[in-house]
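Here is a short tour of one chain, meant to be read with the model open beside you. Take a moment to find the ends of the chain before reading on.

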Amino acid sequence: MVQQQKENQKSGKRWKIELKTLEEPIKHQISSIEDFKLSVAKREWSYDPLDLMTTINSERFSSLDKNDLMDYLENKTKFPWYKQLFSSEDRIQEQYNKAAKISNHIHGFIDVLSHNFQHLNNKWDEFQDGISATSKKLNQDLDTLNNHINSLKYLIANDTQKLYTNEQYKPFFDLYFRFISHLNQNPNYNMHRMRVDFLDPAMMELGKLTKDNRILQTASSISILYTDLRAVNSEKDYVLDNMTELISRYNKSLDALAKIMEKFDEKIIS
């Protein structure tokens with residue numbers, strides 16, 4: 001009996017230690033998400049990676065026996081043997097139910113923590129895939145624009161209709177080739193600036209050349225780039241919303257963990 005009680009206390013302490021050591025990783029995960037959010041919210045083209053704290057999934061509890069936890073909690077809640085002699089069955093059952101309630105609370109907490117980690121991991125993967133796909137499309141559409149502008153430049157150079165003078169096309173072409181030159185010389189260029197640096201002023205210049213139908217392909221390509229940028233921003237807006245929700249979830253987990261540890265520290269769980 002004494003040996004069994006020692007084993008029971010040992011198992012309970014293991015559960016307590018494993019739960020207690022979750023506190024710092026959860027705090028670190030919250031901090032990592034907050035840093036990631038700030039990085040994405042800056043609307044730079046690159047962003048800081050998100051650290052995933054794998055120690056706060058449920059794997060760490062796989063080696064612990066749920067029955068051992070229940071035995072430990074039951075021993076903490078039940079009356080001493082000499083009081084049990086004078087306790088009704090309903091009173092003894094009530095004490096057992098208290099232990100079961102705390103045990104269910106702990107396992108529910110672990111399940112929620114595991115679900116949150118999986119959700120965080122999924123949203124991180126979705127974000128990277130989404131950014132990769134939208135960025136790839138933007139680069140492809142930028143190549144298409146380059147082809148259309150080169151074709152337009154050739155047509156204008158060999159123009160027979162003379163709808164406009166070459167000087168009237170010059171501001172648009174100067175704007176484009178200046179932008180491309182800047183893009184090629186700056187590998188870390190923030191593509192979010194493309195609207196201000198090129199797209200908006202380019203559309204303004206093309207608006208002065210509306211009699212020439214040959215600009216339509218180029219104008220259409222520029223419109224597609226607007227859409228591409230919105231798609232990239234949508235991916236970032238979506239992940240920011242998800243990260244805000246996950247910060248809230250992890251803060252709730254911290255509160256839940258604190259209450260669980262209070263129960264472990266009570267002499268008799270009430």
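In this predicted model, helix α6 covers residues 166–185, which makes 20 residues. From its first C-alpha to its last it reaches 28 Å, close to the 28 Å expected at 1.5 Å a residue. Even so, α6 carries a kink of about 25°, and Phe172 is at its centre. Phe172 is also one of the buried residues of this helix, along with Tyr169, Phe173, Leu175, Tyr176, Phe179, Ile180 and Leu183.

Helix α2 makes a handy companion to look at. Its 19 residues, 23–41, reach 27 Å, close to the 27 Å expected at 1.5 Å a residue. Here is how the two helices line up:

| Helix | Residues | Number of residues | Reach, first to last C-alpha | Expected at 1.5 Å a residue |
|---|---|---|---|---|
| α2 | 23–41 | 19 residues | 27 Å | 27 Å |
| α6 | 166–185 | 20 residues | 28 Å | 28 Å |

Buried positions in α2 include Pro25, Ile26, Ile30, Ile33, Phe36 and Val40. The buried set of α2 also takes in Gln29, Ser32 and Ser39. Just after this helix, have a look at Arg43, which takes a positive phi of about 60°.

Now zoom out to the whole chain. It has 8 helices and 0 strands, so from the N terminus on you will meet α-α-α-α-α-α-α-α. Of its 270 residues, 39% count as buried. The exposed surface comes to about 16,000 Å², with carbon and sulfur atoms supplying 50% of it. Among contacts between residues at least 6 apart in sequence, 82% join residues at least 24 apart.

What holds the most contacts inside the largest nonpolar core? That core has 42 residues, and the ones with the most contacts inside it are Leu19, Leu22, Ile26, Ile106, Phe109 and Tyr250. Two or more residues each come from α1 (2–20), α2, α3 (66–77), α5 (89–157) and α8 (216–265). The biggest contribution is that of α8, which gives 13 residues. Apart from this core lies another, of 29 residues, and Leu142, Tyr169, Phe172 and Tyr189 are among them. Phe172, then, is both the centre of the α6 kink and a member of this other core.

To follow the 42-residue core by eye, Ile106 is a good place to begin. Leaving aside its neighbours within four places in sequence, Ile106 is in contact with Trp15, Leu19, Leu69, Leu73, Ile260 and Phe264. One of these partners, Leu19, is itself on the list of residues with the most contacts inside the core.

Note on methods
Residues numbered from 1 in each chain as written. Predicted model: local features only at pLDDT ≥ 70, side-chain atom pairs only at ≥ 80, totals over all residues. Heavy atoms only, no water. Helix = DSSP H or I, 4+ residues; strand = E, 2+ residues; numbered from the N terminus. Expected span 1.5 Å × (residues − 1). Buried < 20%, exposed > 50% of the residue type's maximum accessible area, 1.4 Å probe, protein only. Contact = heavy atoms within 4.5 Å. Areas by Shrake-Rupley, 256 points an atom, 1.4 Å probe, with all protein chains shown as cover. Bend = angle between axes of the 7 residues up to and from the residue. Core = buried A, V, L, I, M, F, W, Y, C linked by side-chain atoms within 4.5 Å.
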